[in-house]
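Reader: I am new to this structure and would like to learn how to read its features. Could you take me through them slowly?

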Amino acid sequence: MALVREAALRYRSGSQEDTERFGEIVAPLLADGDVLVLTGGLGVGKTHFTKGVSRALGDEHPVTSPTFALMAVHDGGRIPLFHFDLYRLEHAYELEDTGIFDVLGYEGACLLEWGEQFQDELTDEYLGVVITRTGEHERMVALEPHGSRAAELAAAVDDAVRAIS
């Protein structure tokens with residue numbers, strides 16, 4: 001495995017599989033109401049991260065980018081996973097049509113791709129997962145906690161990665 005802890009809350013992924021593995025590490029630490037905002041350009045691995053989370057939660061259904069559906073529910077695991085892709089939304093008033101306010105911060109965990117553009121309208125409590133491309137296959141993943149639960153989650157993720165590194 002080439003997932004490497006570079007510094008506190010900063011990790012290097014050497015492949016898509018490493019990015020999925022990072023999601024697998026995060027999944028057991030998630031609780032109902034957790035919100036993760038996945039940030040990064042097109043093709044950096046946000047959906048691969050989500051695949052790992054879903055698989056480790058125990059859901060066996062395939063995870064694909066919900067770009068055309070805006071939301072996918074993966075509820076075959078330990079807790080439901082609500083996967084939103086807000087890329088195509090232009091205005092905050094469009095959020096209501098996605099169903100996000102019915103699940104955000106309640107049962108299950110929410111993973112929001114491109115959620116940073118509407119952060120003020122969504123929630124103050126979330127864990128930012130920022131993925132940037134640093135090479136052809138390499139990515140840097142940074143965790144940015146916002147709020148006390150997000151800080152606890154980020155610390156637990158950091159401890160889990162440190163334990164396997």
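## Backbone, helices and a pocket

Author: Let us begin with one residue, Leu9, which is found in the loop between β1 (4-7) and β2 (10-13). Please keep in mind throughout that this is a predicted model.

Reader: What phi does Leu9 have?

Author: The general idea is that most residues other than glycine have a negative phi. Leu9 is not a glycine, and yet its phi is positive, at about 65°. Trp114, also not a glycine, has a positive phi of about 65°, and Trp114 lies in the loop between β6 (109-113) and α5 (119-122).

Reader: Turning to the helices, at what angle do α1 and α6 pack?

Author: Two packed helices are described by the angle between their axes and the distance between the axes. In this model, α1 and α6, the latter covering residues 148-164, pack at an angle of about 120°, and their axes are 9 Å apart. The two helices α1 and α6 are therefore oblique to each other, and their crossing is right-handed.

Reader: Which residues of α1 and α6 meet?

Author: From α1 come Arg21, Phe22, Ile25 and Val26, and these meet Val157, Ala160, Val161 and Ile164 of α6. Sorted by character, the residues of this contact between α1 and α6 comprise seven nonpolar and one charged, with no polar ones.

Reader: How far apart are the axes of α1 and α2?

Author: The axes of α1 and α2 are 6 Å apart, and the helices pack at an angle of about 45°, which makes α1 oblique to α2. Here α1 passes α2 in a right-handed crossing. On the α1 side the contact is made by Gln16, Thr19, Glu20, Phe22, Gly23, Glu24 and Val26, while α2 brings His48, Phe49, Lys51, Gly52, Val53, Arg55 and Ala56. The residues of the contact between α1 and α2 divide into five nonpolar, five polar and four charged.

Reader: Finally, how should I read empty space, and what volume does the largest pocket have?

Author: Rolling a probe the size of a water molecule over the atoms shows where empty space is left. The largest pocket in this model has a volume of about 320 Å³. Its lining consists of 21 residues, and Gly43, Val44, Gly45, Lys46 and His48 are those that lie nearest the centre of the pocket. The elements giving two or more residues to this lining are α1 (16-26) and α2 (46-57).

Reader: Which element gives the most to the lining of the largest pocket?

Author: That element is α2, with three residues. As for the character of the lining of the largest pocket, its residues divide into four nonpolar, twelve polar and five charged.

How values were computed: Residues numbered from 1 in each chain as written. Predicted model: local features only at pLDDT ≥ 70, side-chain atom pairs only at ≥ 80, totals over all residues. Heavy atoms only, no water. 1 Å grid on protein atoms, 1.4 Å probe; cavity = no way out; pocket = protein on both sides within 12 Å on 5 of 7 lines; lining within 4 Å. Points joined across faces, edges and corners; volume = space filled by probe spheres on them. Helix = DSSP H or I, 4+ residues; strand = E, 2+ residues; numbered from the N terminus. Nonpolar A, V, L, I, M, F, W, Y, C, P; charged D, E, K, R; others polar. Axes fitted to C-alpha atoms, helices over the stretch in contact; angles between N-to-C directions. Parallel < 35°, antiparallel > 145°, perpendicular 65-115°, else oblique. Left-handed = near helix turned anticlockwise from the far one by under 90°. Contact = heavy atoms within 4.5 Å.
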